[in-house]
Every structure is written in structure tokens, then in C-alpha cells.
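Good morning, and thank you for joining this group meeting. Please take a moment to look at the sequence and the model before we begin.

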Amino acid sequence: MSQTSDSCLDKWMGREALAEAMIPVIGRLYRENNVVTSIHGRSLINKSTMNILKAHRFARRMSNHELLLEETAPLLNALSELELGAAAIDIARLTEKYRAEGNGASLDEYLRSELAEIVGKRGADDRTSTDVVLYGFGRIGRLLARILIEKAGGGHGLRLRAIVVRKGADNDLVKRASLLRRDSVHGSFEGTIRVDEEANTITANGVQVQVIYSDNPATVDYTAYGIKDALVVDNTGRWRDADGLSQHLQSKGVARVLLTAPGKGDLKNIVHGINHRDISDDDKIVTAASCTTNAITPVLKAINDKFGIIHGHVETVHSFTNDQNLIDNFHKGDRRGRSAALNMVITETGAAKAVAKALPELQGKLTGNAIRVPTPDVSMAILNLNLEKGTTRDEVNDFLREMSLHSDLRKQIDYIDSPDVVSTDFVGSRRAGIVDGLATISNDKNLVLYVWYDNEFGYSCQVVRVMEEMAGVNPPSFPARDVIAPIAVLETAGA
């Protein structure tokens, strides 16, 4: 028994050593070559040894075996020798392809062939950088800032240049920086933050952000701060139509506007993964819909394409938001004046109708309602659907698991079938929605799905994807196509 325990520990320590050795290689590829490495979409940038080990373990969901560091570590080292240009490289999928299609070629030979378009280009990046201004710095604004700073890399792509707020106090700048540094739900900021009160800037991990005080979106001169052709992300929710949001376009240095809420009128409501290709260069104002719309639309599209949806009802169990009262007080909305911390509150949601803006084939087929509950983050959508084609629980779950792994919607749909997961397990999820397979109910043509979603961080990740699409700053991605491996039916909590 003692020998077996010692052997197990020795094996673990060996894997730890391999993961530790990967960290500087991942860092050099990122800093010197603008190469972002990931494992099945989970970024490895600035991750700890333990996070790298967990990411390898997570790969069990994709095949019948765990991703081996004995394979990925040599692959990473080989990548570091190729003088690569800017790219996003999924080392798990690349490892799978080499295993399946290497045909006796050496690792170096295979990588030079697979990555031919970027080999020898050492950090070359054809993308033009786009200046970003966050108009508002609340829950979504601060999370967008965290994500943009994390993705800053060598300065290409989206560049966070400024935030615009109304001055709330003499020590406003310090308080804004403190709220970026500390978050009761999402934890501490990963990195360092410095405040320059004289220059009115916040510098986070080397990214200098100008803080501009204004209460008029039409009168800010961004060019005075060296900002030009900026993408302004309005996360205040104050204006939701073209007339209101077009005020931003009157300010010097602004080229386009993105709203982090459902838009009104003829504005395009974009759910990345569904209709992001509808964004044209002529679209000066675009909206990123709502967190709930982003969570449910990809799942609804997958189900509609496979089984057909006759009609359905969406019931959202949603964490409370800043729009509600902490204690009973007057509120112009029905029921929202009652204490958010003490009550479940029935309220309206426009998510069901908003789905049709991104997915017109579901126009008029969905109804919806919402219940606000006393949790600060992570919500759930219950999709009660009547289908054209009958199915079974196992068939639906296998299909949605496959969609979460190998489809074009894998950045939007996640899948889990652990018996013990609860809402806090999904804080920080970067997917738009996570299907809870064990909760699925199917009775021929009647289907009920439970979809978790981090209505703050997961939604913010979707917003950033729309921003990247608007700016045209996505780097080339490798491998260009997947090797479809058999999927293991495993408990998938964590990761």
C-alpha cells in the first residue's frame, strides 16, 4: 500500500514539474510572438501550475483519455522554436490532430506544415489596433475592463484607452480603481493597479486607462487624449435607441458604438455565435442583446436545427441586479421596489422576444417571464419546448454535449452532468450558457432544458467577442479544423 501511494505521489510531482516548465514557454509565446495558447478554448495565459493541470484534466470531456502533459509540453517547446506570428493556438486540438494525422512525421515537421502561414513571422501581426472607450464603469464595465486588460498582449487588437463616468466624489478616481481591484463576486483583480491622480489615469498590468468625467456623451473630445476612431461601449443602459446612442458619434474620435443591453427599434441585436456575421462596416451602432438572450439563443438554435421548435416558454431564474431595491422602497416598476435580498420577485423579461431578432425563425414561437432571486450572480433559464420531432433525454444530452465540444457554438454552449453543481460553481464561466444534462426532461416531443449562465462575466465575454468582430481584430486560429474524437460520458464538474 505504501509503495502504491508513493508511486502515485511521484507521478503527480512529475506532472507538476512539467506544468511548471510550461509557464515560461506560454509566457514567451504570448509576449514575443503574440500567440495565445489554450486547451479546448480555456486560455493558458497567466495561469498557475494547478490551473494548467486542471485544464489538462478537463480535456477528458473531449475524448476517452486525459490530455497528457508528456505530449503537450514537447509541442509547446516546438512551437517556441518556430518564430511564429500572431495566432490563437489550441494545443489540445493540435495534439489530437498530430496524433491522428501525423503519419510518421516528426513533431517539428508536422507543426511547420500545419502552421505554415505564420512560421518564421516572429510576432508579426496584421491586425490594426482599435481604441476602446467604456462609457460607464458599473458591473459590466469593470468586467469588460478586466477581460480587455487580460487580452492586451502586445498592444494589438482591442486597446482599452479610456472610461467615461460622472464624478461622484473628490476621491472618485481612487474609488473607481478600488472597485476594479476588488470584487465581491469575481474576486481580486489578477495583477497590479496604480492610480495617477494628477494625470487622472488608472494603470492596470501596464495598460494605462484615462478616466474622463462627463455626463454628456456628445461633447467629449477623445482626440485630446490621443484616442481616434474609437469603439465606444455604452454599458450605462441609459440610451437604448438609435437617437440616444448616436450622441456618442457626435464626440470627436468616435467611430462606432456598442450597447451592452437589448436595443430598441431597428438596431441589430447581436448574439455572438448566432448572427455576428450580420455586422457590416456600415453599422455604426450595434447592440449585444441581454445576458439571458445570449445564454438561451445558442441552445435554442441548436435544438431548433436538430428537432424543430413549434413553440416554447422561457422562465428565467435571475440573480438580483442593481435596478432593484435592497430594502422595500418606491420603484417605478412593479414588484421591483420590494427587497431584492429577501424576496423572490416576479418580473418581466424581453429575452424570449429578443431571441427572434437574432434568430428570426423563432419569431412568435416563444413566451417568457422572470423571477429575480436573492443571489448576486449566476442565473438559470428553463426552456420548456414543444418539438416537431420526438426525442429522448439521452439523445438530446449527447447532441448538446457534442455541440459544446466540436461545433461552431462551442464558445457559447457548455455542458455539464455533475450531480452536485449549484449556481456558484458557474461564477466566472466564459460561455454564454451551460446546459445541465442531469436536469434535462424529455417526453417525446416535450423537452425541458435547464441552462445556467453567469449573467455578468459570461455575458461580458460575449460582448468582447462582438467587439472583436466589429473591430476585425481576431487573429488566425489553429488548428483550422478539428479531429472529432469519441466523447467520454463522464462527470464534468469543475474545470
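Which helix gives the most to the nonpolar patch? The answer is helix 1, residues 2-33, which contributes 3 residues. Before going further, I should state that this is a predicted model.

The patch lies on the surface and is formed by L9, W12, M13 and M50, whose accessible area together comes to about 380 Å². Let us take one of these residues, L9, which belongs to helix 1. With a relative accessible area of 46%, L9 is partly exposed.

I turn next to strand 8. This strand, residues 207-213, is mostly covered, as 5 of its 7 residues are buried. Strand 8 pairs with strand 5, residues 158-165, through 4 bridges, and the two run parallel. Within that pairing, I163 has V211 of strand 8 as its bridge partner. Strand 7, residues 201-204, is also joined to strand 8 by 4 bridges, but here the strands run antiparallel. In this case I202 is partnered with V209 in strand 8. Strand 7 and strand 8 form a hairpin with 2 residues between the strands, and N205 takes a positive phi near 50° there.

My next topic is an open sheet. Seven strands make up this sheet, in the order 14-15-13-16-19-18-17, with mixed pairing. Which strands stand at the edges? They are strand 14, at 345-347, and strand 17, at 413-416; each has a single partner strand, so one side of each is left without a neighbour in the sheet. From one strand to the next, the twist averages 25°. Strand 17 pairs with strand 18, residues 433-436, in the parallel sense over 4 bridges, and I413 stands opposite G433 of strand 18.

Two helices should be considered together with these strands. Helix 9 lies across several strands, among them strand 13, strand 15 and strand 16, and runs at about 15° to strand 16. Helix 11, residues 393-406, lies across strand 16, strand 17, strand 18 and strand 19, at about 130° to strand 17.

I close with one residue of helix 9, N304; this helix spans residues 291-307. Is N304 buried or exposed? N304 counts as buried because its relative accessibility is 15%, and the cut-off for buried is under 20%. Leaving aside residues up to four places away in sequence, N304 touches I309, E361 and L362.

Thank you for your attention.

Methods:
Residues are numbered from 1 along each chain as its sequence is written. This is a predicted model: local features need pLDDT of at least 70, side-chain atom pairs count only at pLDDT 80 or more; totals for chains, interfaces and linings use all residues. Side-chain values use heavy atoms; hydrogens and water are left out. Buried means under 20% relative accessible area, exposed over 50%, partly exposed in between (1.4 Å probe, protein chains only). Contact means heavy atoms within 4.5 Å. Patches are made of residues with over 30% relative accessible area and no salt bridge: like charges are joined within 9 Å, nonpolar side chains (Val, Leu, Ile, Met, Phe, Trp, Tyr) within 5 Å. Accessible areas come from the Shrake-Rupley method with a 1.4 Å probe; for residues, only the protein chains shown count as cover. A salt bridge is a side-chain nitrogen of Lys or Arg within 4 Å of a carboxyl oxygen of Asp or Glu. Two strands pair if DSSP finds at least two bridges between them. Axes are lines fitted to C-alpha atoms, for helices over the stretch in contact, and angles run from 0 to 180 degrees between N-to-C directions.
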